[in-house]
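Work through the following exercises with the coordinates open, and try each task before reading its solution.

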Amino acid sequence: MTTLRQSLYGLALLGALALLLWSTYQQHQAAEARAERDADRITSLQQRNARQAASITRMGSELAAQRAAQQGLQTAQADVRQQHATSQIHKQETRRNDQTFADWSAQPLPAAARRLHERPALTGASGYRDWLSRRNALQPAASGAAE
């Protein structure tokens, strides 16, 4: 009986060893699958990071271009203001030094010219657009003129 018992213990030991090897193999396969999945995820995250870095770089260059354009507009606006101020000073000097011009400029504008210079208080671009569209509206022709 001892040999039978030893054989059974040996078989049980071999079964336990086989079970241990099989579970180790399964753990190894699971670890490889996780490593492969993690590598794929790292690759996709690196690609996303590269796309975001490219977007950030593009946005930075666009921002720099917009800032340069804004600076150019501010410079142009300052130049226009300076030219306007110079023109106003020139007109005042001419009015002061030339009496005929001063008499002429003191005359009121004709009604048609005053209407051209009339501007209501506008708020926003839509108000300006509405004012422009109503300003020189064409009147419908009389129905008798068409016949």
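The exercises below go from the overall form of the chain to its surface patches, its ion pair and two distances.

**Exercise 1. Overall form**

Determine how the radius of gyration of the protein chain stands against that of a compact globule of 147 residues.

Solution. Begin with the status of the coordinates: this is a predicted model. Next, take the secondary structure, which comes to 5 helices and 0 strands, so that the order of elements from the N terminus reads α-α-α-α-α. Then turn to the dimensions: the C-alpha trace spans about 140 × 55 × 25 Å along its principal axes. Finally, set the radius of gyration of the protein chain, 45 Å, against the value near 15 Å that would belong to a compact globule of 147 residues.

**Exercise 2. Burial and exposed area**

Find what percentage of the 147 residues is buried, and what share of the exposed area comes from carbon and sulfur atoms.

Solution. A residue counts as buried when its relative accessible area is under 20%, and with this cut-off buried residues make up 2% of the 147 residues in the protein chain. The area that the protein chain exposes is about 13400 Å², and carbon and sulfur atoms supply 58% of that area.

**Exercise 3. A nonpolar patch**

Identify the residues that form a nonpolar patch on the surface and give their accessible area together.

Solution. The members are Leu4, Leu8, Leu11, Leu14, Leu17, Leu20 and Leu21, and together they have about 730 Å² of accessible area. Take Leu17 as one of them: it sits in helix α1, which covers residues 2–97. Its relative accessible area of 45% makes Leu17 partly exposed, because that class lies between the limits of 20% and 50%.

**Exercise 4. Charges and a negative patch**

Count the positive and negative side chains of the protein chain, then name the residues of a negative surface patch.

Solution. The count gives 18 positive and 12 negative side chains, with 6 Å between the centres of the two sets. A negative patch on the surface is made up of Glu32, Glu36, Asp38 and Asp40. Of this group, consider Asp40, which is placed in helix α1 and counts as partly exposed because its relative accessibility is 49%.

**Exercise 5. The salt bridge**

Establish which residue forms a salt bridge with Arg58, and how far apart the closest N and O atoms are.

Solution. Start from the general principle that side chains of opposite charge can pair when their charged atoms come close. The structure holds 1 salt bridge, and in it Arg58 is paired with Glu62, the closest N and O atoms being 3.3 Å apart. That separation satisfies the requirement that the nitrogen be within 4 Å of the carboxyl oxygen. Both residues belong to helix α1, where they are 4 residues apart, about one turn of the helix. Arg58 is partly exposed, since its relative accessibility is 42%, and Glu62 is likewise partly exposed, at 39%.

**Exercise 6. Sequence and space**

Work out how far apart in space, C-alpha to C-alpha, Ala50 lies from Tyr9 and Ser87 from Pro110.

Solution. For the pair Ala50 and Tyr9, a separation of 41 residues in sequence goes with 60 Å in space. Ala50 is found in helix α1, and its relative accessibility of 47% makes it partly exposed. For the pair Ser87 and Pro110, the separation is 23 residues in sequence and 23 Å in space. Ser87 is also in helix α1 and is partly exposed, at 30% relative accessibility.

Notes: Residues are numbered from 1 along each chain as its sequence is written. This is a predicted model: local features need pLDDT of at least 70, side-chain atom pairs count only at pLDDT 80 or more; totals for chains, interfaces and linings use all residues. Side-chain values use heavy atoms; hydrogens and water are left out. Patches are made of residues with over 30% relative accessible area and no salt bridge: like charges are joined within 9 Å, nonpolar side chains (Val, Leu, Ile, Met, Phe, Trp, Tyr) within 5 Å. Accessible areas come from the Shrake-Rupley method with a 1.4 Å probe; for residues, only the protein chains shown count as cover. A salt bridge is a side-chain nitrogen of Lys or Arg within 4 Å of a carboxyl oxygen of Asp or Glu. Helices (H or I, at least four residues) and strands (E, at least two) are DSSP runs, numbered from the N terminus. Buried means under 20% relative accessible area, exposed over 50%, partly exposed in between (1.4 Å probe, protein chains only). The radius of gyration is taken over C-alpha atoms; the globule rule is 2.2 Å times the number of residues to the power 0.38. Lys and Arg count as positive and Asp and Glu as negative; His and the chain ends are not counted. The place of a charge is taken as NZ of Lys, CZ of Arg, CG of Asp or CD of Glu.
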